[in-house]
Amino acid sequence: MSDELIVRQCSPTLAGLKTGNMFSAEFTSRAEIIDRIRGLNRRLAPYGLCMLPLRFMEKRVLVYMYSPKRLSADLELPQVQELLRGFGYDLSSAGGCIARLRRRMDEGESFPHEVGLFLGYPVEDVRGFIENGARGCKCIGCWKVYGDVNAAKMRFESFEKCTRDNCGRLRRGCTLEQLISQ
């Protein structure tokens with residue numbers, strides 16, 4: 001898992017614009033990818049970021065990079081708590097919620113759509129996606145929008161610009177840490 005992959009997939013989280021990002025990465029050895037994630041966490045921790053493997057597949061891993069501080073704040077919102085309680089989440093800790101999300105990923109054949117709440121998506125859009133079976137959205141970008149289209153479009157544009165800028169800076173020699181700190 002390269003710094004380039006992380007920047008390409010997680011720039012909005014690195015820049016503090018988003019609670020978290022998820023991405024898939026290839027690996028040849030489970031022990032090797034776990035060591036790589038541990039090393040990345042040593043680099044990310046001083047900046048208030050964390051990376052976790054959420055689900056292992058045959059030669060791929062689904063990785064979650066997030067801000068624990070932002071996730072905890074998101075999980076305190078009453079409408080988020082209401083939605084997550086309906087899926088059996090114990091809201092006493094963010095870590096417990098992530099553990100439940102991992103179990104939900106392993107439990108069923110369908111992807112747990114409440115995952116959007118762990119990424120910082122608006123609760124109205126996550127609820128709309130779940131209630132409408134992913135149909136009837138008003139707009140599509142990083143997620144399907146069922147609520148405020150203008151606000152979502154502005155966020156989509158800021159995420160795209162951030163990613164484009166960070167990828168360019170990485171190509172010009174900036175380190176991952178420099179991209180986070182600026």
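Here are some notes on how the helices pack and on a few residues worth a look in this predicted model.

1. **H1 against H8.** Let's start with helix H1 and helix H8, the latter covering residues 149–171. Their axes come within 7 Å and cross at roughly 155°. Angles over 145 degrees count as roughly antiparallel, and H1 and H8 are therefore described that way. The crossing of the two helices is right-handed. On the H1 side, the residues in contact are Asp3, Glu4, Val7, Arg8, Ser11 and Pro12. They meet Phe159, Cys162, Thr163, Asn166, Cys167 and Leu170 of H8. Sorted by class, this contact has 6 nonpolar, 3 polar and 3 charged residues.

2. **Ser11, inside that contact.** Ser11 sits in helix H1, and it deserves a closer look. Is Ser11 buried or exposed? Its relative accessibility is 0%, so Ser11 counts as buried. Its side chain has a partner within H1's stretch of chain and another in H8: Ser11 reaches the backbone oxygen of Val7 at 2.6 Å, and a polar contact of 3.2 Å joins its side chain to that of Asn166. Leaving aside residues up to four places away in sequence, Ser11 touches Ile6, Cys162, Thr163 and Asn166.

3. **H1 against H2.** Helix H1 (residues 3–14) also packs with helix H2 (residues 30–44), here at an angle of about 45° and with the axes 14 Å apart. That angle makes H1 oblique to H2. H1 passes H2 in a right-handed crossing. Asp3, Ile6 and Leu14 of H1 make the contact with Arg36, Leu40, Arg43 and Leu44 of H2. By class, there are 4 nonpolar and 3 charged residues in this contact, and no polar ones. If you are colouring the model, note that Asp3 is listed in the contact with H2 and also in the contact with H8.

4. **Thr19, after H1.** Moving along the chain, Thr19 lies in the loop between H1 and strand E1 (20–26). With a relative accessibility of 1%, Thr19 counts as buried. Which side chain does Thr19 join in a polar contact of 2.5 Å? The partner is the side chain of Asp74. Beyond four places in sequence, the residues touched by Thr19 are Thr13, Met65, Tyr66, Ser67, Arg70, Leu71, Asp74, Phe118, Leu119 and Gly120.

5. **H3 against H5.** Helix H3 (residues 68–75) and helix H5 (residues 94–107) have axes that come within 10 Å and cross at roughly 85°. H3 and H5 are therefore roughly perpendicular to each other. Leu71, Ser72 and Leu75 of H3 meet Ala94, Cys97 and Ile98 of H5. By class, this contact has 5 nonpolar residues, 1 polar residue and no charged ones. Leu71 is a handy link to the previous point, being among the residues that Thr19 touches.

6. **Phe87, between H4 and H5.** Phe87 is found in the loop between H4 and H5. Its relative accessible area of 22% makes Phe87 partly exposed; buried would mean under 20%. Not counting residues up to four places away, Phe87 touches Arg100, Arg104, Glu114 and Ile130. Phe156, by contrast, is 69 residues from Phe87 in sequence and 28 Å from it in space, C-alpha to C-alpha.

7. **H7 and what follows.** In helix H7 (residues 123–131), the buried residues are Val123, Asp125, Val126 and Gly128. Their cover includes helix H4 (78–85), helix H6 (116–119) and strand E5 (144–145). Just after H7, Gly133 takes a positive phi of about 60°. Ala134, in the loop between H7 and strand E4 (139–140), has a positive phi too, near 70°, and is not a glycine. Most residues other than glycine have a negative phi, so you may like to view this stretch for yourself.

8. **Tyr47, and a partner far along the chain.** Tyr47 is placed in the loop between H2 and strand E2 (50–56). Tyr47 counts as partly exposed because its relative accessibility is 34%. Where does Glu177 stand relative to Tyr47? The two are 130 residues apart along the chain, with their C-alpha atoms separated by 8.3 Å.

Definitions and conventions. Residues are numbered from 1 along each chain as its sequence is written. This is a predicted model: local features need pLDDT of at least 70, side-chain atom pairs count only at pLDDT 80 or more; totals for chains, interfaces and linings use all residues. Side-chain values use heavy atoms; hydrogens and water are left out. Axes are lines fitted to C-alpha atoms, for helices over the stretch in contact, and angles run from 0 to 180 degrees between N-to-C directions. Helices (H or I, at least four residues) and strands (E, at least two) are DSSP runs, numbered from the N terminus. Angles under 35 degrees count as roughly parallel, over 145 as roughly antiparallel, 65 to 115 as roughly perpendicular and the rest as oblique. A crossing is left-handed if the near helix is turned anticlockwise from the far one by less than a right angle, and right-handed if clockwise. Contact means heavy atoms within 4.5 Å. Ala, Val, Leu, Ile, Met, Phe, Trp, Tyr, Cys and Pro count as nonpolar, Asp, Glu, Lys and Arg as charged, and the others, Gly among them, as polar. Buried means under 20% relative accessible area, exposed over 50%, partly exposed in between (1.4 Å probe, protein chains only). A polar contact is a pair of N or O atoms within 3.5 Å; within protein, one must be able to donate a hydrogen and the other to accept it, and residues adjacent in sequence count only if both atoms are side-chain atoms.
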